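User: Take me through this model in short turns. I want the cut-offs behind each call.

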Amino acid sequence: MGTPETSREPCPDRILDDLGGAFGMGAVGGSAFHFLKGLYNSPKGERFVGASQAVRLNAPRVGGSFAVWGGLFSTFDCSMVYLRQKEDPWNSIFAGAATGGFLTMRQGLAASARSAAFGGFLLALIEGAGIMLNKVLSAQQQLPPIMDEPMPGYPSAGLPGQPMNLPSPSPDSDSVSKPWFGGFFGGEKKEEPKSSGGSETKILESFDAPPVPNFDYK
């Protein structure tokens, strides 16, 4: 997976790409913010008209401010890439600090230094979060597949070229399955064990016979 620096546009085209993207983001965000602000500040009955007028007056200005920041940031970023001849997060951190200091240069050296420190710190947080996210996503993609363990009683597939471990039938199990209702409706009958001799012996179940009446005269 590529880093945020390598996944961006090449450096000459990066300036226009970031400038247009920053203008669109600022225009959309500024439109939503000033539309809600216009609805809140306008009198009843004129809220929608006031919100629309606030969007027309302020959304282009916010988009232009974002475009200036994005264009300066990309310009300083491309300058650092040209000077250092490498793409890494330090280019974005230096570009953020330079952009913050350049935009507040008219307010004095102290304000410019504070703005530069804040811009560098903000870009360092953004780059650090991007690096951590890329590491987490790459670690999830490199996890080995989890093999499910076979349940007891089922054959388990071995390596390619090896036979499967099939469960051996127990000696007491019948080769033919019994019907469910065999015990109630007669089912199949088991053969009686045959004796080793020539004659076949059948065992009858013993039962208690009723007493025989005696008619002898006493």
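## Charged pairs, helices and surface

User: Is aspartate 88 buried or exposed?

Analyst: Buried means under 20% relative accessible area, exposed over 50% and partly exposed in between (1.4 Å probe, protein chains only). Aspartate 88 has 13% relative accessibility. That is under the 20% cut-off, so aspartate 88 counts as buried.

User: What kind of model is this, and which atoms do side-chain values use?

Analyst: This is a predicted model: local features need pLDDT of at least 70, side-chain atom pairs count only at pLDDT 80 or more, and totals for chains, interfaces and linings use all residues. Residues are numbered from 1 along each chain as its sequence is written; hydrogens and water are left out, and side-chain values use heavy atoms.

User: Which residue forms a salt bridge with aspartate 88?

Analyst: A salt bridge is a side-chain nitrogen of Lys or Arg within 4 Å of a carboxyl oxygen of Asp or Glu. For aspartate 88, the closest N and O atoms of the pair are 2.7 Å apart. The partner is partly exposed, at 28% relative accessibility. That partner is arginine 84.

User: Which residues are joined into one network by salt bridges that share partners?

Analyst: The count of salt bridges comes to three. Arginine 14 pairs with aspartate 77, with closest N and O atoms 3.2 Å apart. Arginine 14 also pairs with glutamate 87, at 3.0 Å. The shared partners make one network of Arg14, Asp77 and Glu87.

User: How many residues apart in sequence are the parts tied together by aspartate 77 and arginine 14?

Analyst: Helices (H or I, at least four residues) and strands (E, at least two) are DSSP runs, numbered from the N terminus. The salt bridge joins aspartate 77 to arginine 14. Aspartate 77 lies in helix H2 and arginine 14 in helix H1 (residues 11–41), so the parts tied together are apart by 63 residues.

User: Which member, arginine 14 or aspartate 77, has a relative accessible area of 1%?

Analyst: Arginine 14 is buried, with a relative accessible area of 3%. The residue at 1%, also buried, is aspartate 77.

User: Where does threonine 104 lie, and which residue's backbone oxygen is 3.0 Å from its side chain?

Analyst: Threonine 104 sits in the loop between H3 and H4. At 15% relative accessibility, threonine 104 counts as buried. A polar atom of its side chain lies 3.0 Å from the backbone oxygen of glycine 100.

User: Which residues is threonine 104 in contact with, leaving aside neighbours within four places in sequence?

Analyst: Contact means heavy atoms within 4.5 Å. With the neighbours within four places left out, threonine 104 is in contact with Ala111, Ser112 and Ser115.

User: How far apart are the end C-alpha atoms of H4?

Analyst: The expected span of a helix is 1.5 Å times one less than its number of residues. H4 has 33 residues and should span 48 Å. The model agrees, because the end C-alpha atoms of H4 are apart by 48 Å.

User: Which helices do the buried residues of H3 pack against?

Analyst: The buried residues of H3 include Asn91, Ile93 and Thr99. H3 covers residues 89–103, and its end C-alpha atoms are 22 Å apart, in agreement with an expected 21 Å. Its buried residues pack against helix H2 (47–84) and helix H4 (109–141).

User: Which elements give two or more residues to the nonpolar surface patch?

Analyst: Patches are made of residues with over 30% relative accessible area and no salt bridge: like charges are joined within 9 Å, nonpolar side chains (Val, Leu, Ile, Met, Phe, Trp, Tyr) within 5 Å. Val68, Trp69, Phe102, Leu103 and Met105 make a nonpolar patch of about 470 Å². The elements that give two or more residues to that patch are H2 and H3.

User: How much of the exposed area of the chain do carbon and sulfur atoms supply?

Analyst: Accessible areas come from the Shrake-Rupley method with a 1.4 Å probe; for residues, only the protein chains shown count as cover. The chain has four helices and zero strands. Of its 218 residues, 23% count as buried. The chain exposes about 18,000 Å², and the share from carbon and sulfur atoms is 64%.

Definitions and conventions: A polar contact is a pair of N or O atoms within 3.5 Å; within protein, one must be able to donate a hydrogen and the other to accept it, and residues adjacent in sequence count only if both atoms are side-chain atoms.
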